[in-house]
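Colleague: I am new to this model. Please take me through one spot closely, then show me some of the other parts.

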Amino acid sequence: MTDDVEHVPYDGPSGGWGSVKSLKTILRREGHSVSTSLALRKQNKDDGFMCVSCAWAKPNPPHLFEFCENGAKATAWDLTSERLEPDFFARHTVTELESWSDHQLEQGGRLTEPMKWDAATDRYLPLPWDQAFAEIGTALRGMKPDEAIFYASGRASNEASYMYQLLARMYGTNNLPDSSNMCHESTSVALPKTIGVPVGTVTLDDFEHTDLILIFGQNTATNSPRMLHQLDEASRRGVPIITINPLREKGLERFTNPQNPVQMLLSPSTRITAQYFQLRPGGDLALLTGLCKSLIEAEDNGATVLDQAFIAQHTHGFEAFARAMRGHDWKEIERHSGLTHAQVEDIATLYTRANKVMGVYGMGLTQHRAGVDNVQMLAALLFLRGNIGKQGAGICPVRGHSNVQGQRAVWITEKPELAPLDKLGEMYGFSPPRTKGTDVVDAAGKVIKGQAKAVIQLGGNLVRSLPEHRLLEPAWRKLPLTVMITTKLNRSHLIHGRAAYLLPCLSRIEIDRQATGPQVVSMEDSTSFIHPSHGMREPASEHLLSEPAIIAGIAKATLPSNPKPDWDAWVGNYELVREAIAETFPKWYKDYNQRMRQPGGFHRANPARERIWETKTGKANFLPPKSLDANKDTPVEGFGTFALMTIRSNDQFNTTIYGYDDRFRGINGSREVVMMNERDMARLALAPEQRVSLITVADDGVHREVGNLQVVPFDIPEGALAAYYPECNPLLPLWHHAEESHVPAAKTIPVKVRRMSPAAP
Ligand SMILES: Nc1nc2c(c(=O)[nH]1)N[C@H]1C(S)=C(S)[C@@H](COP(=O)(O)OP(=O)(O)OC[C@H]3O[C@@H](n4cnc5c(=O)[nH]c(N)nc54)[C@H](O)[C@@H]3O)O[C@H]1N2
Ligand SMILES: Nc1nc2c(c(=O)[nH]1)N[C@H]1C(S)=C(S)[C@@H](COP(=O)(O)OP(=O)(O)OC[C@H]3O[C@@H](n4cnc5c(=O)[nH]c(N)nc54)[C@H](O)[C@@H]3O)O[C@H]1N2
Ligand SMILES: [Mo]
């Protein structure tokens, strides 16, 4: 794909007519009309299905249409009338399909039958389910358990996820990496140390009481658009919304509710962001330090800005933290944040004027070398004024995949200390593995080094979503076994292991009929509410199995016979899986089946909300950063090195590319672009649309380059660049990850820019 880009800066609101138009295009293309509209009415409703797009909270009662442009696109994408049937694979070799774009592959439609790659013809050929399970079981039994990797992509239900982690552990491994390892793992590492829970403390109700919302590195209008409802309502109440983001995200500036015809016809759109601070990529650590310093020094000078009662009663480590903050000088803070002292003071003033403040954040904080420190510092800023465990205040990590939080909660984790292993062992009569498993970075390393023999994916597209493509792809092809539980075709299926299986599953929008009738599954949103999800549509093919049925099929063919668990009974009735989850951990899941049916679902206990701190000190902990430089060992200053942020467009869901228009950024027709400040363009004598190559600056002997990117002038700080994920993942070294959480540092890749000759294709 080397189509020319068209850049017309967007000046409309987010939502509004543009969103309706974009959605219509997708619905038309996917061949839907009435039936999808009917399905959309049931999206995120108690008697309907939970959206397959993001994990944002579902209000109770829901809005009349509780979906957004991107949620509707995701629904249409799943319910497409297109099919990739065996005759499609008979017409195309796998090598030929490798030349197709990510968009073309998924656009082909839903997979309909289990398939296995045939080496002689280089084609995927259909095979019966039982044969697929038997062969996979035989292969897995021939390996050491730690040679297999069981990845999960954050979309599967709690029921499927619980079964999946049990399969891996009964097989003998904690190799259970999941998408949060590339996403909010920095949150899951930082928050237990600071507040004693791995999840956020905010619920929707808090938006109605808050005085100030700070948004760090989260592109709401594109990635969790339903949150615009809460921001819109808060904004109308006069609540300032402060955005901290290197890129000027137009989608965060104004919002017109596309579901409110009166607003669309008559009223001007609501202004969402009161103030926008364009810091350097990774500058948050220095900014947060500056804010804490400003408050602490104001208090030192006699002002009363700190919540001394909260600090004394609820926190630990304040004195050492305050000393560390006083010790940083403003020059250093300005240099690392890219903001002036005066700008930092402006934010500090807004912060101290408000009594109930929410800190909302996304990948802009987590995907850095110092991703864990970033989250710890946001928590510290909130502690200074008692903004946790108070109505209208709290910390709000905005999760990505629709059930990524639930999946981790039901123990898809490589960290044995986070799973109730004794209880699982006792319930199912086995001795669970105790050694740490691989996270995604470790798993990729194992594949690259030839130490992994099998990758099983419950959703996802690791060949595209992981860093280090150039080393990963050839190594992936040498894997003895790849097993892909999936709805659609993607690159991780074409770059495949020596024995490769595609196991197509139902989408959760589809009716899942089992022995006891249609089944309901459940998921947890970003605010820890657990909701039921009912399938609404006939399955895309009669041959599809549900995710629980596929997991049970693999388990029965792989594990030694054991009357417990009764996999068949579970597949026949998912209520029994929920009973097993409740028995495993009653503190969170007691009366699961009853409680998930109450309107609005149920809230999983969150002691930090009640100011009960389940940390080692029994208090909320102040933890200062080790350095103000979020990427201290990969300097991006000087010598023509830029800090590249890899981000999402408005027309994709992770590696699923719906189309080539990034409406709010006004970039249309191509994803092969790099956004750049005009002064940097002048310095490098680059005209708009000039094609350039980006080359990673790393002293490790590996050449990493992505070429053919068209330069787009953009409102972005000098020295910073932005380009799309996953196209730019070949630039990301595997070792360039958050120190403690191993989240790939996708938001600051040090790169050089090289002009390509005009003749380049
Ligand atoms: N439509 C749609 N929805 C999605 C997804 C999707 O791909 N498409 N993906 C889902 C998933 S899995 C996830 S994790 C979420 C991701 O949602 P987000 O967290 O919004 O993720 P990104 O788009 O990667 O980046 C977010 C923002 O961080 C900013 N940023 C980059 N570097 C920095 C920095 O150093 N500091 C600050 N303050 N900001 C920075 C970028 O400019 C960008 O606006 O969305 C989920 N929802
Ligand atoms: N450079 C860079 N890299 C990144 C990021 C970044 O911002 N920059 N973001 C990271 C983040 S936050 C994340 S979460 C990861 C995501 O990484 P992954 O989890 O690997 O990727 P996805 O694109 O979410 O997975 C898409 C595939 O899931 C399958 N699928 C869709 N629906 C279903 C279903 O219902 N069931 C099953 N079984 N399969 C289904 C389809 O085959 C689809 O192609 O990427 C990470 N990588
Ligand atoms: Mo994510």
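Colleague: Start with Asn593: is this residue buried or exposed, and what is its relative accessible area?

Modeller: A word first: this is a predicted model. Now to your residue. Asn593 is buried, because its relative accessible area is 8% and the cut-off for buried is under 20%. The residue lies in helix α31, which covers residues 592-595.

What does Asn593 touch, once neighbours within four places in sequence are set aside? The contacts are Glu575, Arg578 and Glu579. With Glu575 there is also a specific link: the side chain of Asn593 reaches the backbone oxygen of Glu575 at 3.1 Å.

Stay with Glu575 for a moment. Helix α29 spans residues 574-584. Asn573 caps its N-terminal end. A side-chain oxygen of Asn573 sits 3.0 Å from the backbone nitrogen of Glu575. Put the two together. The backbone nitrogen of Glu575 faces a side-chain oxygen of Asn573 at 3.0 Å, and the backbone oxygen of Glu575 is reached by the side chain of Asn593 at 3.1 Å.

Which residues of α29 are buried? They are Tyr574, Val577, Arg578, Ala580, Ile581, Ala582 and Thr584. Arg578 is on that list, and Arg578 is also one of the contacts of Asn593.

Now a second buried spot. Gly406 sits in helix α21, residues 404-409. Gly406 counts as buried because its relative accessible area is 0%. Beyond its neighbours within four places in sequence, Gly406 is in contact with Asn158 and Glu524. Ala320 is another matter. Gly406 and Ala320 are 86 residues apart along the chain, and their C-alpha atoms are separated by 36 Å.

Next, strand β17, residues 481-486. Why is this strand described as largely enclosed? Six of its six residues are buried, so the rest of the structure largely encloses the strand. Its side chains point two ways. Leu481, Val483 and Ile485 point one way, while Thr482, Met484 and Thr486 point the other.

β17 has partners. Strand β16, residues 454-458, runs parallel to β17 and is joined to it by five bridges. Leu458 stands opposite Ile485 there. Strand β18, residues 499-504, also pairs with β17 in the parallel sense, over six bridges. Leu481 in β17 stands opposite Ala499 in β18.

β17 leads on to ligand 2. The strand supplies at least two residues of the shell around ligand 2, and so does α24, residues 462-465. That shell holds 32 residues, with Glu106, His401, Thr486, Glu547 and Thr655 the closest. Thr486 belongs to β17. The shell divides into 11 nonpolar, 15 polar and six charged residues.

Some polar contacts of ligand 2 are worth finding on screen. A polar backbone atom of Gly459 is 3.4 Å from a nitrogen atom of ligand 2. A polar side-chain atom of Thr487 is likewise 3.4 Å from a nitrogen atom of the ligand. The side chain of Asn490 has an N or O atom 2.8 Å from an oxygen atom of ligand 2. On its own, ligand 2 has 930 Å² of accessible area, and the protein covers 96% of that.

Then there is ligand 1. Around it are 30 residues; Glu249, Gly282, Asp284, Gln652 and Asn654 come nearest. In the shell, 11 residues are nonpolar, 15 polar and four charged. Glu249 has a side-chain N or O atom 2.5 Å from an oxygen atom of ligand 1. For Asn245, a polar side-chain atom lies 2.7 Å from an oxygen atom of the ligand. For His368, the distance from a polar side-chain atom to an oxygen atom is 2.8 Å. Alone, ligand 1 exposes 920 Å², of which the protein buries 99%. The elements giving two or more residues to this shell are α11 (220-223), α19 (363-366), β25 (642-647) and β26 (652-653).

One last part: an open sheet of three strands. The order is β2-β10-β11, and the pairing is mixed. β2 (14-15) and β11 (270-271) are the edge strands, each pairing on one side only. β10, residues 254-256, pairs with β11 in the antiparallel sense over two bridges. Phe255 stands opposite Thr270 in β11.

Methods: Residues numbered from 1 in each chain as written. Chains lettered and ligands numbered in written order. Predicted model: local features only at pLDDT ≥ 70, side-chain atom pairs only at ≥ 80, totals over all residues. Heavy atoms only, no water. Helix = DSSP H or I, 4+ residues; strand = E, 2+ residues; numbered from the N terminus. Buried < 20%, exposed > 50% of the residue type's maximum accessible area, 1.4 Å probe, protein only. Contact = heavy atoms within 4.5 Å. Pairing = 2+ DSSP bridges. Near = heavy atom within 4 Å. Polar contact = N/O pair within 3.5 Å; in protein donor to acceptor, adjacent residues only side chain to side chain. Areas by Shrake-Rupley, 256 points an atom, 1.4 Å probe, with all protein chains shown as cover. Nonpolar A, V, L, I, M, F, W, Y, C, P; charged D, E, K, R; others polar.
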